[in-house]
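Me: I am new to this structure and would like a close look at a single part of it. Please choose one region, go through it slowly, and explain each term as you reach it.

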Amino acid sequence: MAVNLFWALGRMRRVLERCRTGSVEEIRRCLLDEALKIQEEDKAICRKMGFNGAELLEDGMTVLTHCHAGGLATADFGTALGVIYAAKQQGKTIRVFADETRPLLQGARLTAWELMQNGIEVTLISDSMAAWVMSRGTIDCVIVGADRVARNGDVANKIGTYGVAISAKAHGIPFYVAAPFSTIDRNLPGGEDIPIEERRPEEITFLAGRRIAPESVRVYNPAFAVTPHTYVTAIVSEMGIARAPYAEAFDRWAGAEGLE
C-alpha cells in the first residue's frame, strides 16, 4: 500500500544491480550504505516537512490525529506527529486528541505513548467519539499521515480516516495530510485506482486474544480507506504546502526535484 516503500525497494534494487558483480561482502556493504543514506534522508525530510506544516499551527491549538504517523513509523521525526513536534520546538503549546484506531489500535498503542514520551498533552478517544468531540468545538484541525496520495490529491490512509475527514468538513475544521513527496504517486490519476488491502477477520472478531463476536459472523476488514481530495484542506511535504488543484502543485514539486 505505502508507495514510498516501493520507492525505497526500487532504489535498493538499482544499487544491487550496480554492485552484483562484486563479492557478497561488497554487495552487503553497498546495500547497507544505501539503506543508511535513505535513513538519513528520511530524517531530514521529516524534519523539513514538520517545520513546513508547523506554519499551519498556532499556539494553543488542539489537533486530532488518526492512526500513527510519528517517529516509530519513520527514521526519526514522523510525518503528522512531526508537524506537532516542530510546532513545539517553535515554542507553541499544542494539544492532541488521538483516535484509538480500531482494529489494531495504533493510536492507542503507539501514538498516545509516543506523544506522552515527547511531552505533548494527549487525550485518547475511541474512533466513534471523534465527530462528537469536533461538535464540542474542541478540535482546531486534523492532521494525518498517508500511505499513498494520488495525482488529484485523493489520500489513502488507515481505515477510519475518511470518516474523520467527513466529520471535519461538516464542522468546518481544516483537514491536513502530512506525507513525504515519495508518497505522492503522480502516475495514479485518482484514489479509485489505489488497491485496498483486506486483512484477517480475526482482527475484528477477537480482542486481546478473546473472541468478541459470534463464530459464524461474516467480516469485512479493509485496512485502508481513500479520502477524496475534496475533503483535504492541504497536503504538507518536505517540498512545501500544497492546496487544490493538487496536480499542479505536485508537478511544481516534481520540477523542483528534476523529475518532470
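What follows is a walk around one sheet and its surroundings.

Reply: Happy to help! This is a predicted model, in which local features need pLDDT of at least 70 and side-chain atom pairs count only at pLDDT 80 or more, while totals for chains, interfaces and linings use all residues. Residues are numbered from 1 along each chain as its sequence is written, and side-chain values use heavy atoms, with hydrogens and water left out.

Let us begin with the sheet itself. It is open and mixed in its pairing, with 7 strands in the order 3-2-1-4-7-12-13. Two strands pair if DSSP finds at least two bridges between them. Helices (H or I, at least four residues) and strands (E, at least two) are DSSP runs, numbered from the N terminus. At the edges stand strand 3 (121–125) and strand 13 (240–242); each has a single partner strand, so one side of each is left without a neighbour in the sheet. On average, neighbouring strands here are turned by 25 degrees against each other, direction ignored. For angles, axes are lines fitted to C-alpha atoms, for helices over the stretch in contact, and the values run from 0 to 180 degrees between N-to-C directions.

Within the sheet, strand 4 (residues 141–144) and strand 7 (residues 175–178) run parallel and are joined by 3 bridges. Look for Ile 143, whose bridge partner in strand 7 is Tyr 176.

Now turn to the helices around the sheet. Helix 4 (residues 106–117) packs on it and touches strand 1 (62–65), strand 2 (95–99) and strand 3. The direction of helix 4 makes about 165 degrees with that of strand 3. Contact here means heavy atoms within 4.5 Å.

Helix 3 (residues 80–89) is largely enclosed by the rest of the structure, because 8 of its 10 residues are buried. Buried means under 20% relative accessible area, exposed means over 50%, and partly exposed lies in between (1.4 Å probe, protein chains only). The buried residues of helix 3 include Leu 81, Val 83, Ile 84 and Tyr 85. They pack against helix 2 (24–54) and helix 4, and also against strand 1, strand 2, strand 4 and strand 7. After helix 3 comes Gly 91, with a positive phi near 90 degrees.

One residue of helix 4 deserves a closer look: Thr 111. With 1% relative accessibility, Thr 111 counts as buried. Beyond its neighbours within four places in sequence, Thr 111 is in contact with Thr 65, Cys 67, His 68, Leu 81, Ala 98 and Gln 106. A polar atom of the Thr 111 side chain lies 2.7 Å from the backbone oxygen of Cys 67. That is a polar contact, a pair of N or O atoms within 3.5 Å; within protein, one must be able to donate a hydrogen and the other to accept it, and residues adjacent in sequence count only if both atoms are side-chain atoms.

Cys 67 itself sits in the loop between strand 1 and helix 3. Its relative accessible area is 8%, so Cys 67 is buried. Its phi is positive, near 70 degrees, in a residue other than glycine. Most residues other than glycine have a negative phi, and most peptide bonds are trans. The loop between strand 2 and helix 4 holds Leu 105, which has a positive phi of about 60 degrees. Pro 103 lies in that loop too, joined to Arg 102 by a cis peptide bond with omega about 5 degrees.

Finally, look at the packing that involves strand 4 and strand 7. The largest nonpolar core has 29 residues, and those with the most contacts inside it include Leu 64, Val 142, Phe 175 and Val 177. Such a core is a set of buried Ala, Val, Leu, Ile, Met, Phe, Trp, Tyr and Cys residues joined through side-chain atoms within 4.5 Å. Strand 4 and strand 7 are among the elements that each supply at least two residues of this core, and helix 8 gives the largest share, 5 residues. Not counting residues up to four places away in sequence, Phe 175 touches, among others, Val 142, Val 144, Val 164 and Ala 165. Another core, of 28 residues, lies apart from the largest one and has Leu 57, Ala 80, Ile 120 and Val 122 among its members.
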